[in-house]
Amino acid sequence: MTSVTRGHVSPYTAFDRTSWRDLARGSELPLDADELASLASLGDRIDLDEVATVYLPLARLVHLHLQASRRLWAAQTDFLGASTDKVPFVVAVAGSVAVGKSTTARLIQVLLSHAPGSPRVDLVTTDGFLLPNAVLESRGILDRKGFPESYDRRALLRFLADVKSGRGEVEAPTYSHQSYDVRPERQMVDRPDVLVLEGLNVLQAGSRSDGRVPEVFLSDYFDFSVYVDATEADVQGWYVERFLALRRTAFQDTAAYFHRFASLSDEEAVATAQRIWATVNGPNLRTNIAPTRSRARLVLQKAADHSVRRVLLRKV
């Protein structure tokens, strides 16, 4: 563990794998290999040892912050002499396409739900807040899906504001990766103890359509935030691997949006995935996603084999 990186004092304290794992020494892992397999995203190689080394200490740290927020709420309520309802503790998980942020978010949800007191933890992804394909097509930006302008950012901000206001039964839209479009079904969020919000755009500041700086950012409502990090070369390789795996599985469904890719040869599939990365995912990562890394409370730095090699925790 060190507070110095790249030869200068850093706002983060850095942990190697051993020192980070030691923070959860003595804790039992509340899931087995089959349960882990159901949580891991396609192509995200992870085992129980990695969960014990990285994600169990992370869940314990988030639970520590949750408990502290509850104590602060109780003290403030006592100070004000008025009863106020507790509001959900919001954890944001950000990172590139194919970096493993969905697996991270699911693990946080499951591990936190087994923490002392068994808090109720909901998970919402920002994919549901993407504009429908018909709208993206009408605006000529279907090929920029995932970029800030492809989201209904006002609806996402309103959703999070309602959740943090303590409103019950707040609806979140949902998304189908099979149809590559938003679905009519809605997910109901009804005052959970913890809300995990996962997506490419959760830490982005950005500007409004009129060019002005927004008065409120999503991050204003976060109690804890995680950025899943890796070199672009590694993430691009993982994206290509995942594309090839999808070609053999989900793309085989004739109803799938990307079924047209199912018949590609290996060489054609690799070339297609690399083209998509070069024109969409890579530029979005460099321009909109990676610059938000420094806004996270905690950064998980991954190696080429998907394992987390270092954890950076912002100093309190």
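These are my notebook entries on helices, helix contacts and single residues looked up in a predicted model.

**Entry 1. Helix α6**

I began with helix α6, which covers residues 153-164. I compared its length with the ideal: at 1.5 Å a residue its 12 residues should span 16 Å, and the end C-alpha atoms are 17 Å apart, so the two values agree. I then listed the buried residues of α6, which are A155, L156, F159, L160, A161, D162, V163 and K164. I looked up what these buried residues pack against and found the strands β3 (89-95), β4 (121-125), β5 (170-176), β6 (181-189) and β7 (194-198). Just after α6, I noted G166 with a positive phi of about 85 degrees.

**Entry 2. K164**

I took K164 separately; this residue sits in helix α6. Is K164 buried or exposed? Its relative accessible area is 18%, and because buried means under 20%, K164 is classed as buried. Setting aside residues up to four places away in sequence, I found K164 touching V87, P88, F89, V90, Y221 and D223. Of these partners, F89 and V90 fall in the range of β3 (89-95).

**Entry 3. T126**

I next checked T126, in the loop between β4 and α5 (133-138). T126 is buried, and its relative accessible area is 0%. Beyond its neighbours within four places in sequence, T126 is in contact with Y151, L156, L197, E198, G199, L200, N201 and V202. One of these, L156, I had already recorded among the buried residues of α6.

**Entry 4. Helices α3 and α4**

I turned to helix α3 (residues 48-80) and helix α4 (residues 101-113), which pack at an angle of about 60 degrees with their axes 9 Å apart. Their crossing is right-handed. Which residues make the contact? From α3 I listed V51, Y55, L56, L58, A59, V62 and H63, and these meet T104, L107, I108, L111 and L112 of α4. By class, this contact has 10 nonpolar, 2 polar and no charged residues.

For α4 itself, I repeated the length check: at 1.5 Å a residue its 13 residues should span 18 Å, and the end C-alpha atoms are 18 Å apart, so expectation and model agree. The buried residues of α4 are K101, T103, T104, A105, L107, I108, V110, L111 and L112.

**Entry 5. Helices α7 and α8**

I looked up a second helix pair, α7 (residues 232-248) and α8 (residues 266-289), and read an angle of about 135 degrees with the axes 9 Å apart. This angle makes α7 oblique to α8. The crossing of α7 past α8 is right-handed. On the α7 side, the contact is made by E232, V235, Q236, Y239, V240, F243, L244 and R247. On the α8 side, I recorded D266, A269, V270, T272, A273, Q274, I276, W277, N281, G282, L285 and R286. Sorted by class, the residues of this contact are 11 nonpolar, 5 polar and 4 charged.

**Entry 6. P283**

I found P283 in helix α8. Not counting residues up to four places away in sequence, P283 touches F147, W277, A278 and N288. W277 also belongs to the contact of α8 with α7. I noted the separation of P283 from M188 as well: they are 95 residues apart along the chain, and their C-alpha atoms are separated by 33 Å.

**Entry 7. Positive phi outside glycine**

Most residues other than glycine have a negative phi. I looked up two residues with positive values. S118, not a glycine, has a phi of about 45 degrees. S118 lies in the loop between α4 and β4, and at 52% relative accessible area it is exposed. R191 has a positive phi near 50 degrees. R191 is in the loop between β6 and β7, and its relative accessible area of 47% makes it partly exposed.

**Entry 8. S294**

I closed with S294, in the loop between α8 and β9 (298-302). Its relative accessibility is 46%, so S294 counts as partly exposed. How far apart are S294 and Y12 in sequence and in space? They are 282 residues apart in sequence, and 9.4 Å apart in space from C-alpha to C-alpha. Leaving out residues up to four places away in sequence, I found that S294 touches Y12 and R314.

Terms used
Residues are numbered from 1 along each chain as its sequence is written. This is a predicted model: local features need pLDDT of at least 70, side-chain atom pairs count only at pLDDT 80 or more; totals for chains, interfaces and linings use all residues. Side-chain values use heavy atoms; hydrogens and water are left out. Helices (H or I, at least four residues) and strands (E, at least two) are DSSP runs, numbered from the N terminus. The expected span of a helix is 1.5 Å times one less than its number of residues. Buried means under 20% relative accessible area, exposed over 50%, partly exposed in between (1.4 Å probe, protein chains only). Contact means heavy atoms within 4.5 Å. Axes are lines fitted to C-alpha atoms, for helices over the stretch in contact, and angles run from 0 to 180 degrees between N-to-C directions. Angles under 35 degrees count as roughly parallel, over 145 as roughly antiparallel, 65 to 115 as roughly perpendicular and the rest as oblique. A crossing is left-handed if the near helix is turned anticlockwise from the far one by less than a right angle, and right-handed if clockwise. Ala, Val, Leu, Ile, Met, Phe, Trp, Tyr, Cys and Pro count as nonpolar, Asp, Glu, Lys and Arg as charged, and the others, Gly among them, as polar.
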